[in-house]
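Work through the exercises below with the structure in view. Try each task before reading its solution.

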Amino acid sequence: MKHAVVLDVNRCRGCTTCIKNCPTEAIRVRRGKAAILADRCIDCGRCIQVCPHRAIKSVSDDLEQLGRYRCRVAVPEPALYGQFQHLWDINLVLNGLLKVGFDRVFESARAAELLAQYTGSRKEEQPRAMPLISSNCPTILRLIQIRFPQLIDHVDPLILPMELAAILARREAERETGLPPEEIGVFAIVSCPAKVTAAHNPEGLEKPVLDGAFAIRDLYSRLLRPMEQIRDPKPMLSAGATGIGLAIASGECHARQTTKYLAVDGIENSIEMLEEIEDGRQPEVNFIELSACTQGCVGGCLCVENPYAARMRIRRMMKEQPADRCQTPLSGADEEDLKFDRMLRYTPAFQLDEDRAQAMAKHLRIEALEAHLPGLHCGSCGAPNCHAFAEDVVLGRASADDCIFKVRERMRGVAGPGGPDAYLPPPFRQRKPKEKEENE
């Protein structure tokens, strides 16, 4: 699978900041350069945010792709609305999209309202594992598949709002323009690299329904001038407070109108919550909304605004809108489009070997090697911690000599009683502590 998070080797300085912040231990530093383990990457963007050299970045689709289609449809996420200071009318943003190359706009917030209506009225045919976990964050879906496979049955199998918006937008464009579907390009405007990846490799669909995804930061600068020139915006807003609220943490919980819910934002907090669910420590909760980004989608690394300021603006916009604008519910046939057509499955990113006996043997070797490591988790070996380093050695991704402490012990043994300093000229030898010299 091609990921949206990529590494610029020329900018990397091998500082190990990224390996210490990756939630899935998907990054290693070898020979002074970082490398991303693709099977463990969940496109959370945490490494992008912490890299001091800007060596890790997100790659989204090029805006020039719009020229390949006769009809171009934008699917903006509501997080886009929170990026603009003193925005008095969301219609300014929607009209601006028509001036930067799009022919039509179908809001992801509108699809979110339709999903909320469905979840409020559906009748479960069979009991589900509780609590239900939201499927709105692709990073969380990927995380569950590689690290918490026991919780796959807890995921509510509904597609992303941007995917539902793409399906409905394409049908609407076909009906109103008469164009075949291959001449209609539908592009999402997203806040995080996980959704860029999901646009091309959806987790719950057999094939993608979007033709690409653009980063909010790439559209932001293009929208400023057209929005300033609009004096009388055309009414285009089709979503209410319920859909707009999807941009912030707890927005989906409120949309579902449930009382026994939890909303958790931030990748570290989400992992902690998944561990609690796995251990059965959340028996009172019916629904859990997990967002990998701080404050929800407004905290995505493809946004331009501070997430707390963006959240404030979104909440203000919600107060100015009716609860719902989508009064026409989906038909029975359309409701089938809301569900996964490919169930989530375990991705063995942490599997040591396909053969169980070999995997157990490797596990024992990892434990034995880890017991002889210093346990400092310093990162100087290029792995995030001593256990990951031992795993890399056993799997052939690293050498035991990459640990500077093990090398130092070997040097002491070779140097004899004088220690490793015996071969150095007197000015470069480490001076013994004064108390030790007096004792000798």
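**Exercise 1. Check the length of a helix**

Task: Compare the expected span of helix α6 with the distance between its end C-alpha atoms.

Solution: This is a predicted model.
- Step 1. Count the residues: α6 has 17.
- Step 2. Apply the rise of 1.5 Å a residue, taken over one less than the number of residues. The expected span is therefore 24 Å.
- Step 3. Compare with the model. The end C-alpha atoms of α6 are 24 Å apart, so the two values agree.
- Step 4. Look just past the helix. G178 follows α6, and its phi is positive, near 75°.

**Exercise 2. Bury the helix**

Task: Decide how many residues of α6 are buried, and find what covers them.

Solution:
- Step 1. Use the cut-off: buried means under 20% relative accessible area.
- Step 2. Count. Of the 17 residues in α6, 12 are buried, so the helix is mostly covered.
- Step 3. Name some. The buried residues include P161, M162, L164 and I167. The charged-letter entries E163, R170 and E172 are also on the list.
- Step 4. Find the cover. It includes strands β5 (71-76), β6 (104-105) and β8, along with helices α4 (108-121) and α7.

**Exercise 3. Map the nonpolar cores**

Task: Find the largest nonpolar core and the element that gives it the largest share.

Solution:
- Step 1. Size the core: it has 76 residues.
- Step 2. Pick out the residues with the most contacts inside it. They are I27, V73, I144, M162, L164, L274 and L290.
- Step 3. Assign the largest share. Helix α6 (residues 161-177) supplies eight residues.
- Step 4. Zoom in on I144. Beyond its neighbours within four places in sequence, I144 touches I133, P149, L151, I152, V155 and L274.
- Step 5. Look for another core. One of 34 residues lies apart from the largest, and I90, L92, I230 and M317 are among its members.

**Exercise 4. Follow a crossover**

Task: Trace the chain from strand β8 to strand β9, and give the handedness of the crossover.

Solution:
- Step 1. Set the strands side by side. β8 (residues 184-190) and β9 run parallel, joined by four bridges.
- Step 2. Pin down one pairing. F187 has G212 of β9 as its bridge partner.
- Step 3. Trace the connection. From β8 the chain passes through helix α7 (residues 193-200) to β9, making a right-handed β-α-β crossover.
- Step 4. Check the faces of β9 (residues 212-215). G212 and F214 are buried on one side, A213 and A215 on the other. Both faces are covered.

**Exercise 5. Inspect the loops**

Task: Which of H86 and S250 is buried, and which is exposed?

Solution:
- Step 1. Place H86. This residue is in the loop between β5 and α3 (90-99). Its phi is positive, near 55°, though H86 is not a glycine.
- Step 2. Place S250. This residue lies in the loop between α9 (241-244) and α10 (251-256). S250 is not a glycine either, and its phi is near 80°.
- Step 3. Apply the cut-offs. H86 has 72% relative accessibility, so it counts as exposed. S250 has 13%, so it is buried.
- Step 4. Add a peptide bond. The bond between M130 and P131 is cis, with omega about 0°. P131 is in the loop between α4 and β7 (132-133).

Note on methods:
Residues are numbered from 1 along each chain as its sequence is written. This is a predicted model: local features need pLDDT of at least 70, side-chain atom pairs count only at pLDDT 80 or more; totals for chains, interfaces and linings use all residues. Side-chain values use heavy atoms; hydrogens and water are left out. Buried means under 20% relative accessible area, exposed over 50%, partly exposed in between (1.4 Å probe, protein chains only). Helices (H or I, at least four residues) and strands (E, at least two) are DSSP runs, numbered from the N terminus. Two strands pair if DSSP finds at least two bridges between them. A crossover is right-handed if, with the strands pointing away from the viewer, the path from the first strand over the helix to the second runs clockwise. A nonpolar core is a set of buried Ala, Val, Leu, Ile, Met, Phe, Trp, Tyr and Cys residues joined through side-chain atoms within 4.5 Å. Contact means heavy atoms within 4.5 Å.
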